[in-house]
Amino acid sequence: MEREEKALEAALDAMISRTQDLKSSIANFIGKLETEYEVLQWPSVLDNFALISGQMNTLLKVLRNDKTPPLRNRIVLPLFLNPERDEELAKVTEGRIQFFNHEVVPDYLRTKPDPDVESTEQMVTQKASQMSLDAAQKQIATLNKIANNIVDMVKNAREEWESESGQRANIAQTSSLSDTNALIGAISLGKGLRPTLGSPKSPLPSQMTAPQRGGKTFQMHPGTKVPSAIKTNIKAAGGIHPYGR
């Protein structure tokens with residue numbers, strides 16, 4: 001009895017370890033699909049599928065091992081149902097199951113499918129058993145034909161996509177990324193543009209010069225009166241009035 005209990009504990013520990021690895025791989029793959037779907041490459045997807053498939057095979061090997069006791073001979077019975085929140089259960093199940101009550105027990109401890117699913121499965125099984133061999137062969141041939149057509153369509157689409165990708169790669173490049181960036185920088189920020197020459201500075205009032213007779217010039221200083229070079233002849237207004245009184 002003790003040997004069976006030890007073997008059962010060892011098998012359960014091995015299954016829990018393999019299941020944890022499988023769960024971690026699936027969670028990482030789902031995270032990549034949700035966050036890196038724009039840059040995720042097909043080889044990376046295949047690598048994740050291969051990893052998950054290998055871990056599934058390892059788990060199945062543990063279940064099929066001769067040292068693993070037959071789990072189908074053992075049953076799990078709920079001994080106590082609690083409508084209140086169970087903190088220990090929530091911790092063990094990582095928050096997936098917080099209550100161990102009459103609502104969750106039938107779903108998590110069920111050893112048979114749901115009654116509706118079971119009835120549907122029985123109907124399909126009964127229909128398949130009543131079908132003749134010739135009708136079954138015809139349906140198999142039709143299904144294989146549809147599958148082959150789908151495979152051919154996928155292959156043709158892949159070949160067209162690869163040919164288009166090759167043609168795009170062979171097209172000569174007609175633009176330069178560096179020139180485009182330089183043009184954008186010149187338009188938006190003025191990078192690489194030569195500064196334009198401004199108008200010459202006007203002389204200050206203290207440095208202005210005025211011409212004199214004889215071609216000479218003199219410099220004006222603030223606070224000095226500029227001598228006039230124009231002669232004036234002022235006469236009495238009454239002497240030159242054309243209409244005498």
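Is Pro-69 buried or exposed in this structure? Pro-69 counts as buried, because its relative accessibility is 16%, which falls under the 20% cut-off used for that label. The model is a predicted one, and its protein chain holds seven helices and four strands. Of the 245 residues of the protein chain, 11% count as buried, and the points below take up several of those residues along with some exposed ones.

**Overall architecture**

- Read from the N terminus, the elements of the protein chain follow the order α-α-β-α-β-α-α-α-α-β-β.
- Among the contacts in the protein chain with a separation of 6 or more, 36% are made by residues that lie 24 or more positions apart.

**Pro-69 and the start of the chain**

- Pro-69 sits in the loop between H2 and E1, and although 62 residues along the chain separate Pro-69 from Ala-7, their C-alpha atoms are 7.0 Å apart.
- When residues up to four places away in sequence are not counted, Pro-69 touches Ala-7, Leu-8 and Ala-11.

**The largest nonpolar core and its surroundings**

- Five residues make up the largest nonpolar core, namely Leu-22, Phe-29, Leu-40, Val-45 and Ile-52, and the elements that give two or more residues to this core are helix H1 (2–35) and helix H2 (42–64).
- As a general background to such a core, nonpolar side chains in soluble globular proteins tend to be buried together.
- Leu-40, a member of the core, is in contact with Lys-32, Leu-33 and Val-45 once its neighbours within four places in sequence are left aside.
- Asn-48 is found in helix H2, and Asn-48 counts as buried because its relative accessibility is 10%.
- Beyond the residues up to four places away in sequence, Asn-48 touches Phe-29 and Lys-32; of these, Phe-29 belongs to the largest nonpolar core, while Lys-32 is also in contact with Leu-40.

**The largest pocket**

- The largest pocket contains about 850 Å³ of space, and its lining is made up of 20 residues, of which Leu-12, Ile-16, Val-76, Tyr-108 and Leu-109 lie nearest its centre.
- H1 gives the most to this lining, with six residues.
- By residue class, the lining of the largest pocket divides into eleven nonpolar, four polar and five charged residues.
- Domain 1 (1–74) and domain 2 (76–111) each supply at least three residues to the lining of the largest pocket.

**Pro-83, Asn-101 and the strands beside them**

- Pro-83 is found in strand E1 (residues 82–85), and Pro-83 counts as exposed because its relative accessibility is 58%, a value over the 50% cut-off for that label.
- Leaving aside its neighbours within four places in sequence, Pro-83 is in contact with Phe-99 and Asn-101.
- Pro-83 and Gln-98 are 15 residues apart in sequence, and the distance between them in space, from C-alpha to C-alpha, is 9.8 Å.
- Asn-101, one of the contacts of Pro-83, lies in the loop between strand E2 (99–100) and helix H4 (105–108).
- Whereas Pro-83 counts as exposed, Asn-101 counts as buried, because its relative accessibility is 12%.
- With residues up to four places away in sequence not counted, Asn-101 touches Leu-81, Asn-82 and Pro-83.

**Glu-94 and its backbone angle**

- Glu-94 has its place in the loop between helix H3 (87–92) and E2, and its phi is near 60°, which is a positive value in a residue other than glycine.
- Glu-94 counts as exposed, because its relative accessibility is 52%.

Methods: Residues numbered from 1 in each chain as written. Predicted model: local features only at pLDDT ≥ 70, side-chain atom pairs only at ≥ 80, totals over all residues. Heavy atoms only, no water. Core = buried A, V, L, I, M, F, W, Y, C linked by side-chain atoms within 4.5 Å. Buried < 20%, exposed > 50% of the residue type's maximum accessible area, 1.4 Å probe, protein only. Contact = heavy atoms within 4.5 Å. 1 Å grid on protein atoms, 1.4 Å probe; cavity = no way out; pocket = protein on both sides within 12 Å on 5 of 7 lines; lining within 4 Å. Points joined across faces, edges and corners; volume = space filled by probe spheres on them. Nonpolar A, V, L, I, M, F, W, Y, C, P; charged D, E, K, R; others polar. Domains from an automatic or database assignment.
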